[in-house]
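This report examines selected features of one protein chain. Please consult the sequence and the three-dimensional view while reading.

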Amino acid sequence: MKRKNFLKTLAGVTLFTSLSSFTKPALSTMKTEPNNQEKYASFGAIHLNNTSLKRSTHFWTNIVGMKRRVSNETYAEFGTEKQTLVVVHESAKTSYIKGYSGLYHFAIHAPNKFAFANMLQRLIVNNYPYSPVDHTMSKSLYLEDPDGITVEFTLETPERFVRVVSGRGIGIEDSDGNIKSASEYLDVKSILKDVTDTEANLPIDNDAYLGHLHLYANNVERSNTFYQNIGFNTFNYMPQFMYADLGCGGAYKHRIALNSWHGINKPLAPKDSAGMRHFHIQFNSQDRLKIALKQITVIEEKDNGYWCKDATGNILLLNNG
């Protein structure tokens, strides 16, 4: 796939660009938290259904630079020396199908600018298509796995962010007072100045982590309420744009994002298609976990955790990490 064509396939980037013709800026409906507040939840590994373990293994090891930690004929765990970040199950019969609720994309976050630059360099060395986007509160690279599941590489930069503004569209005010599109083009040349692994021989940074998920919700309001109820704080709630996102402490507040850009009340994708199998939320205290569990009607306790579904039907594993 040529890079120019690939950029056009990223619906979220295209949409945000089209919404950026705003006029009089106005604050969005958002709740803020102290920047020094400790994160009280994080993500464990995300599990994916894929069509080919061989192709997925090449992608996560050779292209992304992760370590294959555990594997058998139909299952593999990929991540760093410290932890598993992505688990692949060879259980899908078809590639990712657009137009359904479920996973929009998930993001692997770099711990610093050098690690992020090396993630970019690895894509360039392997001639792998990607889309570079500057969200102001983060710098991002979007790419697709072999089955068309969108993956984001992210560097958190909340120090550049002031507020979200909305009028006819969505914009961002940065720390210099500029109001820009929520999805500006990322200056790749400036990122590459921080590359330390020019040959792309090193694995992904040991402190890389799964930092946020963006979901296609069949109803943004219901999904936003669900994640609020289990302890996440709404950052932006923009029903006029069919969008919301939530944080869980700390300066970077975009941990779970929701949109209905694929259509309202859309069902989940067929089970035999590639996509998200389930994801894992780890609360940093037993008390926060108990609060979350009290808000959920149907729960199954097994495998050292609590299994449930969100308002769209996505499967979640909750525990005290």
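## Helix H4: length

The expected span of a helix is 1.5 Å times one less than its number of residues. The structure discussed here is a predicted model. Helix H4 covers residues 113-125, which makes 13 residues, so its expected span at 1.5 Å a residue is 18 Å. The C-alpha atoms at its two ends are 18 Å apart, in agreement with that expectation.

## Helix H4: ends and surroundings

At the start of H4, the side chain of Asn 112 places an oxygen within 3.1 Å of the backbone nitrogen of Phe 114. Just after the helix, Asn 127 adopts a positive phi of about 55 degrees.

Which residues of H4 are buried? They are Ala 115, Phe 116, Ala 117, Asn 118, Met 119, Leu 120, Gln 121, Arg 122 and Leu 123. The elements that cover the buried residues of H4 include two helices, H3 (53-63) and H5 (188-192). Strands S6 (102-109), S8 (138-144) and S9 (150-156) are also among the covering elements.

## The sheet S10-S11-S12

Three strands form an open sheet in the order S10-S11-S12, and their pairing is antiparallel. Strand S10 (161-166) and strand S12 (179-181) are the edge strands, each pairing on one side only. From one strand to the next, the twist averages 35 degrees.

S10 pairs with strand S11 (residues 170-174) over five bridges, in the antiparallel sense. Within this part of the sheet, Phe 161 has Asp 174 of S11 as its bridge partner.

## Asn 319 and its contacts

Asn 319 lies in strand S21 (residues 315-320). Is Asn 319 buried or exposed? Its relative accessibility is 13%. Buried means under 20% relative accessible area, and Asn 319 therefore counts as buried.

The side chain of Asn 319 makes a polar contact with the side chain of His 280, at 3.0 Å. When neighbours within four places in sequence are left aside, the residues in contact with Asn 319 are His 280, Ile 281, Gln 282, Phe 283, Leu 289, Asn 304 and Gly 305.

## Asn 304, a contact of Asn 319

Asn 304 occupies the loop between strand S19 (300-302) and strand S20 (305-309). Its relative accessibility is 75%, so Asn 304 counts as exposed, whereas Asn 319 counts as buried. Along the chain, Asn 304 and Asn 319 are 15 residues apart, and 7.4 Å separates their C-alpha atoms.

Definitions and conventions. Residues are numbered from 1 along each chain as its sequence is written. This is a predicted model: local features need pLDDT of at least 70, side-chain atom pairs count only at pLDDT 80 or more; totals for chains, interfaces and linings use all residues. Side-chain values use heavy atoms; hydrogens and water are left out. Helices (H or I, at least four residues) and strands (E, at least two) are DSSP runs, numbered from the N terminus. Buried means under 20% relative accessible area, exposed over 50%, partly exposed in between (1.4 Å probe, protein chains only). Contact means heavy atoms within 4.5 Å. A polar contact is a pair of N or O atoms within 3.5 Å; within protein, one must be able to donate a hydrogen and the other to accept it, and residues adjacent in sequence count only if both atoms are side-chain atoms. Two strands pair if DSSP finds at least two bridges between them. Axes are lines fitted to C-alpha atoms, for helices over the stretch in contact, and angles run from 0 to 180 degrees between N-to-C directions.
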